[in-house]
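Colleague: Got a minute to go through this one with me? Let's pull it up.

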Amino acid sequence: MNGLAVVSAQRVAASGQREQAVFSCSFPFQTHRKALYYTEPIVTLLARPVFLEPDHLNVRWLGESTDGERLAEFAGRLCYMSQKNPANRATREYLENIKKQGHGSVLEHANYSLLLEGVSRSLTHELVRHRAGFAYSQLSQRYVDESEANFVVPPAIVGDEALENEWRAQVEAAQKSYVRLVEHLMERYGWVTDKVHRRKMSREAARGVLPNSTETKIVVTANARAWRTMLELRASEGAELEIRRCAIAMLKLLSKETPAFFSDFELYQAEDRREAARIIYHKV
């Protein structure tokens, strides 16, 4: 493949119950490596809640649960001072009823942070539209040199050799243009004594030629209610294919991490022969 490495990621369970993705690829033996072409996102869990129960408000816990799930149940029971669990509900049964009743505010106490890699700028432009309950920190093209940028193959053309070759030719040409522009702009702004600032000025101008398919990395933190809302929209059949693919990967990770918050999502094969998800309790 012309010395280019294609990355296809899978999530695996690592030690310490940390959910992360691993990938393998080979690099050409040369000073400047070739770009990686991602065909799947890499999703890594970075942080989860830690629940510290107060001694004077002990809940009678039943059933298996995570810290995030217990935090949500504790918050819900505080509203009614029902710590004695009079209905004898297990935590996940309790939270199922919470979703059924639409009392989603207690889910907002549990926050989860994910690292997304192998995703495109096109995807993150859509993702960051979700604001309520979300926080983002993304790779900066002003400070990071993109002369060795990687790219994300659009899902619609994966597997079609002719389309992939045409697409690769375009992104390679764009990257070469970026390198030339940075070099020329560094010369043009030679009078700027601060080299770091000069690089920033050059890269922020040159990045305009890079395609939406340029790979980026982003840390996303959101509470469980916000995650549910975003995933309901972005894992659906109507979502753009790349963000839908990523939403499915995030849903699978979060469902394994904290089943009670996402148990009403159903994965299925959509009419377009790609995986999608639907939800039972709409807009909790």
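Colleague: F134 and W227: buried or exposed?

Modeller: Both F134 and W227 are buried. Keep in mind that we're looking at a predicted model.

Colleague: How are the rings of F134 and W227 set against each other?

Modeller: Their centres are 5.4 Å apart and the planes sit at 70°. An edge-to-face pair needs planes over 60 degrees apart, so F134 and W227 count as edge-to-face. The pair links distant parts of the chain: F134 belongs to strand β7, W227 to helix α6 (residues 224–234), and they are 93 residues apart.

Colleague: And what about the rings of F134 and Y136?

Modeller: Those two are stacked, because the planes are at 5°, with ring centres 5.7 Å apart. F134 and Y136 are both buried.

Colleague: How many aromatic pairs turn up in the whole structure?

Modeller: Nine, from a search of the whole structure. There's also an aromatic cluster made of Y37, F151 and W167.

Colleague: Back to β7. Which sheet is it in, and what's the strand order?

Modeller: An open sheet of four strands, ordered β5-β6-β9-β7, with antiparallel pairing. β5 (42–47) and β7 (134–138) are the edge strands, each pairing on one side only. On average, neighbouring strands in this sheet are turned by 20° against each other, ignoring direction.

Colleague: How many bridges between β7 and β9?

Modeller: Five, in the antiparallel sense, with β9 covering residues 215–223. F134 shows up here too: its bridge partner in β9 is A222.

Colleague: Which strands does helix α7 lie across?

Modeller: β5 and β6. α7 spans residues 241–257, and it runs at about 145° to β6, which is residues 111–120.

Colleague: Changing topic: how many helices and strands are there in the protein?

Modeller: Eight helices and 11 strands. The protein has 284 residues, and buried ones make up 46% of them. As for contacts between residues at least 6 apart in sequence, 71% join residues at least 24 apart.

Colleague: What about β10 and β11, how do they pair?

Modeller: Antiparallel, over five bridges, with β10 at residues 265–269 and β11 at residues 275–279. One of the bridges puts Y268 opposite A276 in β11. The two strands form a hairpin with five residues between them.

Colleague: Which residue in that turn has a positive phi?

Modeller: R273, at about 70°. That's a positive value in a residue other than glycine. R273 counts as exposed because its relative accessibility is 73%.

Colleague: And N85, what's its phi?

Modeller: Near 55°, so again I'd flag a positive value in a residue other than glycine. N85 lies in the loop between α1 (67–80) and α2 (91–101).

Colleague: Is N85 buried or exposed?

Modeller: Buried, because its relative accessible area is 0%. R273, on the other hand, is exposed.

Colleague: Cysteines next. How many disulfides does a search of the whole structure find?

Modeller: Zero. As for individual cysteines, C79 counts as exposed because it has 58% relative accessibility, while C246 is at 1% and counts as buried.

Colleague: Where does A205 sit?

Modeller: In helix α5, residues 195–206. A205 is partly exposed, because its relative accessible area of 46% falls between the 20% and 50% cut-offs. Its C-alpha atom is separated by 8.2 Å from that of L181, which is 24 residues away along the chain.

Colleague: Last thing: what's the mean pLDDT of the protein?

Modeller: It's 90, and 88% of the residues reach 70 or more.

Colleague: And where does pLDDT stay under 50?

Modeller: Residues 8–19 are one such stretch, for which the model has 36 contacts beyond four places in sequence. Residues 21–32 are another, with 23 contacts of that kind.

Colleague: Why not read the coordinates in detail where pLDDT is low?

Modeller: Because low pLDDT is itself the warning: predicted coordinates there should not be read in detail.

Definitions and conventions. Residues are numbered from 1 along each chain as its sequence is written. This is a predicted model: local features need pLDDT of at least 70, side-chain atom pairs count only at pLDDT 80 or more; totals for chains, interfaces and linings use all residues. Side-chain values use heavy atoms; hydrogens and water are left out. A disulfide is a pair of cysteine sulfur atoms within 2.5 Å. Buried means under 20% relative accessible area, exposed over 50%, partly exposed in between (1.4 Å probe, protein chains only). Two strands pair if DSSP finds at least two bridges between them. Axes are lines fitted to C-alpha atoms, for helices over the stretch in contact, and angles run from 0 to 180 degrees between N-to-C directions. Contact means heavy atoms within 4.5 Å. pLDDT is the predictor's confidence in each residue, from 0 to 100. Rings of Phe, Tyr and Trp (its six-membered ring) pair if their centres lie within 6.5 Å; planes under 30 degrees apart count as stacked, over 60 as edge-to-face and the rest as tilted.
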